[in-house]
Each structure stands twice: as structure tokens, then as C-alpha cells.
Amino acid sequence: MVVINLAFPILLCFLSVYLTKNKYNVFLIANLISLATTFLFPAIADLIGMDIIKSPIGLAFNVVSFLSLFVFYIIGRYNEGKKVAISYDIAKTNFFKNLYLFSLFINLVFIVYMVAVYGFSGTFINSRFVVYTESRVGTGQIFYVAGTFFNIFIILGLFYNKRKWLHILLSIIFGLPYGSKAKIIVVFIYLLIYLFIIDENKEKYRDNKYLVMISVALPVMVFVLFWLTTFDLDSMQIIELALGFGNEYQTNFSILISHFNSYFYEGYLHGKILFEEAFYPFIPRALWPNKPLYFGSLYISYRVYPTITELNLGAPSFGPFGQAYVDFGLFGLLQIVFQQSILGFFLGKYEVQTEKRKNVRFFLLLICVGFGGIFGLGGATNPLVMMVVNLIFAKCLIFMSRIIVKPSAQVAYTNNKID
């Protein structure tokens with residue numbers, strides 16, 4: 001298993017660069033951290049003697065998942081690459097610029113609200129406790145709406161704020177109240193995509209020295225984030241925690257597989273968790289007072305780790321496969337292949353479109369497919385459902401940008417950068 005954990009991600013990285021002729025392709029940008037935490041970190045932890053729980057079934061789910069995503073990513077790129085670039089008549093508007101300014105306003109209001117209600121400590125230091133607690137008792141919609149405008153702010157600021165360093169600094173500050181390391185990481189991921197695909201000086205950033213800087217900076221950033229959000233641990237313990245960052249949900253998934261009958265004596269749930277993940281997150285608790293406290297993947301956490309889950313400090317995760325296995329057992333692999341194939345195809349498709357057009361519209365679509373999207377719901381939400389919801393949301397924004405126009409002439413573009 002150690003050999004597979006070391007060889008598989010390296011092989012995928014090599015193939016992605018070879019087949020795309022681009023060492024900064026979005027498959028790598030979108031999955032490099034996942035590949036490292038899923039395969040490489042556990043291998044390193046195993047080599048240095050850390051006691052980790054392994055499962056052949058868990059490894060099979062991971063390999064099939066990433067392989068399906070990659071194969072259809074290449075197919076999506078190839079199909080889109082054969083198409084001739086078509087010029088569109090697009091009205092030059094200030095819609096996205098105004099949306100950026102409005103999102104800045106919403107983020108500032110959210111910061112003021114958090115400080116007023118929870119104080120400076122609750123906003124910037126102990127925010128993880130605040131978010132997990134409040135989102136369980138009926139006020140989660142505040143964080144989800146604010147989180148949507150947080151994502152919009154990051155994305156549009158890359159296009160409309162000329163001082164990129166200031167924009168990144170503001171984005172980090174705006175991300176702290178959510179108490180999530182992922183919020184900070186996503187700021188840098190969006191920046192990398194913009195620099196490598198959109199920026200006018202992208203060839204400069206593709207220089208090997210920047211690749212070395214990124215390779216060094218990412219692990220350091222992960223360590224710093226763990227150091228800032230972890231207390232009463234020394235440096236070595238934090239390193240071990242960071243190495244286990246991607247392995248925690250794999251360990252939980254392996255435990256779930258090994259002791260499934262003791263946690264789910266009634267057997268597989270035949271789609272119950274999938275149904276809840278597809279619909280329940282979109283119903284506000286304010287409209288459904290009796291909405292289950294634990295549904296979807298959170299229900300799995302509750303069945304396996306009830307005491308920890310009830311603390312509302314972050315339920316143990318079973319990764320992207322827990323739902324599929326609890327619902328369908330080994331046949332859950334079919335669901336994973338289906339989901340990952342669709343995600344991979346559109347990731348390749350929108351990467352090529354973004355490379356051709358280099359504008360905010362296609363950038364939004366790319367973000368919706370491969371990088372978490374604009375509209376986010378915490379906890380138990382199926383990734384394919386969220387991709388569809390995010391694409392609809394982005395398409396609505398694009399439609400609005402085309403009908404809300406300045407009294408100016410229509411302009412045509414091919415590969416020009418148009419708002």
C-alpha cells in the first residue's frame with residue numbers, strides 16, 4: 001500500500017503534465033493538495049513509524065475516484081480543444097465590478113456583525129467554535145450567505161483590484177471569522193489559477209523558480225495554519241497532525257468499513273444519505289424547525305462517533321466516500337465513478353474555455369466545477385449536486401451581466417479579456 005500511495009499520485013501528476021503539455025494545468029492545481037494529503041502524507045507517516053489504520057477498500061475507492069476524474073478531465077479538454085473559438089457579442093457592463101464592490105460591503109458588514117455579537121476573540125481567534133455551534137441552531141444561513149459573498153469577493157477582486165497583495169490580505173482577514181483552514185487555502189488556490197491562466201504576465205509566473213517557491217510555500221502554509229488553529233501541542237506533534245490531515249477521514253472510513261455492521265445493524269441505507277445530502281441542506285432550519293440536527297454525512301458521524309459529533313465542534317469526516325459506502329456498499333464505487341466522471345469532464349472543458357477567453361465569466365464557471373464553487377453550504381452536501389447548483393448560480397450572474405448594460409455599443413471578442 002505504501003508503494004501505491006507513493007507511485008499513484010506521482011504517475012497522475014506526470015500524465016497530467018505530459019498530456020496537457022502544461023505543468024500548471026488545473027487538474028494539478030485542483031488536486032495537488034488532495035493527492036498529497038490522500039496518498040503522500042499517509043505514506044510519509046507510515047515510513048516514519050506513525051500508527052495509521054489502512055484499508056484496501058479505502059485505497060481502492062481513492063484510486064478509482066482520482067482515476068475517473070483524470071480520464072474524463074482529459075476527455076473534456078480534448079473535446080473542447082477541437083472546437084473553433086467563436087466570437088460573441090457581449091455588452092460591456094460594470095455589473096461584475098459593482099458586484100465586487102457590493103461583496104466588499106457585505107464582507108465588511110459581516111465582520112462588524114461578528115465583532116458586535118461575538119467580540120474580537122470570537123471573530124478572529126475562537127471563530128471555529130462559533131461557526132460550528134451557531135450553524136447547528138438555526139443561524140447557519142448567515143454564515144452561508146456571507147460565505148457566498150466571500151467567494152465572490154475573492155474571485156472578482158482578482159480582476160478588479162489592481163493591488164493584488166492588498167486584495168489577498170483583505171481576503172485572508174475576511175476568511176478568519178469562518179474558523180476554517182480551507183477558507184484561507186482557497187484564497188491562494190484562486191490566486192494561483194488566476195496567475196497561471198488569466199494574468200497578462202502568466203508566463204513570468206510559470207518560471208521554474210516560482211514552481212520551487214510554491215512547492216516550499218504550500219507545506220509551510222499548511223504547517224502555519226495548523227499551528228495557528230491548534231493549542232497545547234509542540235512542533236513535532238503539529239507536524240504529525242499535519243501529516244495526518246488527509247489521513248483522518250481515510251482512517252475513519254477504514255474504521256467504518258471494518259465495523260460497519262456494529263454501527264449500521266440495519267444494513268446499507270439504499271440512498272437515504274444521498275437523498276438527504278441532495279435536498280436537506282437547501283431547506284433553512286428557520287423554515288423547517290424540526291429539520292434533523294444530523295443528516296447526510298453528519299448522520300454517519302453521529303452513528304459512529306455520537307459523543308464527538310454532539311459537541312458541535314466539527315464532526316469527524318468520512319471523506320467523499322462515506323455516503324456512497326453507507327448507502328450502497330462496494331456498489332458505491334459506481335456512484336463515485338459517475339460523479340467524478342462528470343466533474344472531470346467539465347473541469348477539462350471549462351479549463352480550455354477559460355484559457356481561450358481569459359475573462360471573469362469563464363473563470364467563474366471553472367471555479368464552480370473544480371474549486372468549490374461560489375455558493376457553498378457547510379456539512380453534508382453531495383459534490384455533484386453542489387456543482388450543478390453552483391453552475392446555475394454562475395450562469396444566472398452571467399445572464400444578469402448581459403442584460404444589465406451600460407448605454408454603450410456592443411463589442412465583439414475572441415480571446416480578448418472582457419468583463
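This is a short talk through one predicted model, from the overall chain down to a few helices and salt bridges.

Okay, so before anything else: what's on the screen is a predicted model, so please hear everything I say in that light.

Let me start with the whole chain. What does the secondary structure come to? We have 20 helices and two strands. The chain has 419 residues, and buried ones make up 51% of them. For the contacts with a separation of 6 or more, 74% are between residues 24 or more positions apart. And the accessible surface is about 20,000 Å², with 69% of that belonging to carbon and sulfur atoms.

Right, on to α20, residues 383-403. This helix has 21 residues, and from the first C-alpha to the last it reaches 30 Å, close to the 30 Å you'd expect at 1.5 Å a residue. Which residues of α20 are buried? The list is Leu384, Met386, Met387, Asn390, Leu391, Ala394, Leu397, Ile398 and Ser401. If you look down the axis of α20, those buried residues fall within an arc of 150°, so they line one face of the helix. And what do they pack against? That would be α4 (95-124), α18 and α19 (360-370). Now flip to the face turned away from the buried side of α20, and you'll find the exposed residues Ile392, Phe399 and Ile403.

Let's do the same exercise with α7, residues 164-175. Twelve residues at 1.5 Å each should span 16 Å, and the end C-alpha atoms of α7 are 16 Å apart, so that agrees. The buried residues in α7 are His167, Ile168, Ser171, Phe174 and Gly175. They cover an arc of only 125° around the axis, and that puts them on the same side of α7.

Now, salt bridges. How many does the count come to? Five. Let me walk you through them, starting with a pair that links distant parts of the chain.

Glutamate 80 and lysine 349 meet through their side chains, 3.2 Å from N to O. Glutamate 80 belongs to helix α3 (residues 56-81) and lysine 349 to helix α18 (residues 332-357), and the two are 269 residues apart. Are the partners buried or exposed? Glutamate 80 is buried, and lysine 349 is too.

Next up is glutamate 266 with arginine 303, where the closest N and O atoms are 2.9 Å apart. Glutamate 266 sits in the loop between α13 (260-263) and α14 (272-279), while arginine 303 is in helix α15, so this pair ties together parts 37 residues apart in sequence. Take the arginine for a second. Helix α15 covers residues 297-304, and arginine 303 comes out at 18% relative accessibility, so it counts as buried, the cut-off being under 20%. Glutamate 266, at 42%, counts as partly exposed. If you set aside neighbours within four places in sequence, arginine 303 is in contact with Tyr263, Phe264, Tyr265 and Glu266.

Then there's a bridge inside a single helix. Glutamate 276 and lysine 272 meet at 2.7 Å, N to O. Both lie in α14, four residues apart, which is about one turn of the helix. Burial-wise, glutamate 276 has a relative accessible area of 7%, so it's buried, whereas lysine 272 is partly exposed at 35%.

And one more item under this heading: Arg77, Glu351 and Glu355 are linked in a network of salt bridges.

Last stop, the surface. There's a nonpolar patch of about 440 Å², and it's made by Leu11, Phe14, Tyr18 and Leu19. Leucine 11 is found in helix α1, residues 2-20, and phenylalanine 14 has its place in α1 as well. How accessible are these two? Leucine 11 has a relative accessible area of 47%, so it's partly exposed. Phenylalanine 14 is at 52%, which counts as exposed, given that the line is drawn at over 50%. One distance to go with that: the C-alpha atoms of phenylalanine 14 and leucine 28 are separated by 9.8 Å, with the two residues 14 apart along the chain.

So, what would I have you look at again? In α20, the buried residues line one face, and Ile392, Phe399 and Ile403 are exposed on the face turned away. And for the salt bridges, go back to glutamate 80 and lysine 349, both buried and 269 residues apart. That's it from me, thanks.

Definitions and conventions: Residues are numbered from 1 along each chain as its sequence is written. This is a predicted model: local features need pLDDT of at least 70, side-chain atom pairs count only at pLDDT 80 or more; totals for chains, interfaces and linings use all residues. Side-chain values use heavy atoms; hydrogens and water are left out. Patches are made of residues with over 30% relative accessible area and no salt bridge: like charges are joined within 9 Å, nonpolar side chains (Val, Leu, Ile, Met, Phe, Trp, Tyr) within 5 Å. Accessible areas come from the Shrake-Rupley method with a 1.4 Å probe; for residues, only the protein chains shown count as cover. A salt bridge is a side-chain nitrogen of Lys or Arg within 4 Å of a carboxyl oxygen of Asp or Glu. Buried means under 20% relative accessible area, exposed over 50%, partly exposed in between (1.4 Å probe, protein chains only). Contact means heavy atoms within 4.5 Å. The expected span of a helix is 1.5 Å times one less than its number of residues. The arc is that of the directions from the helix axis to the C-beta atoms.
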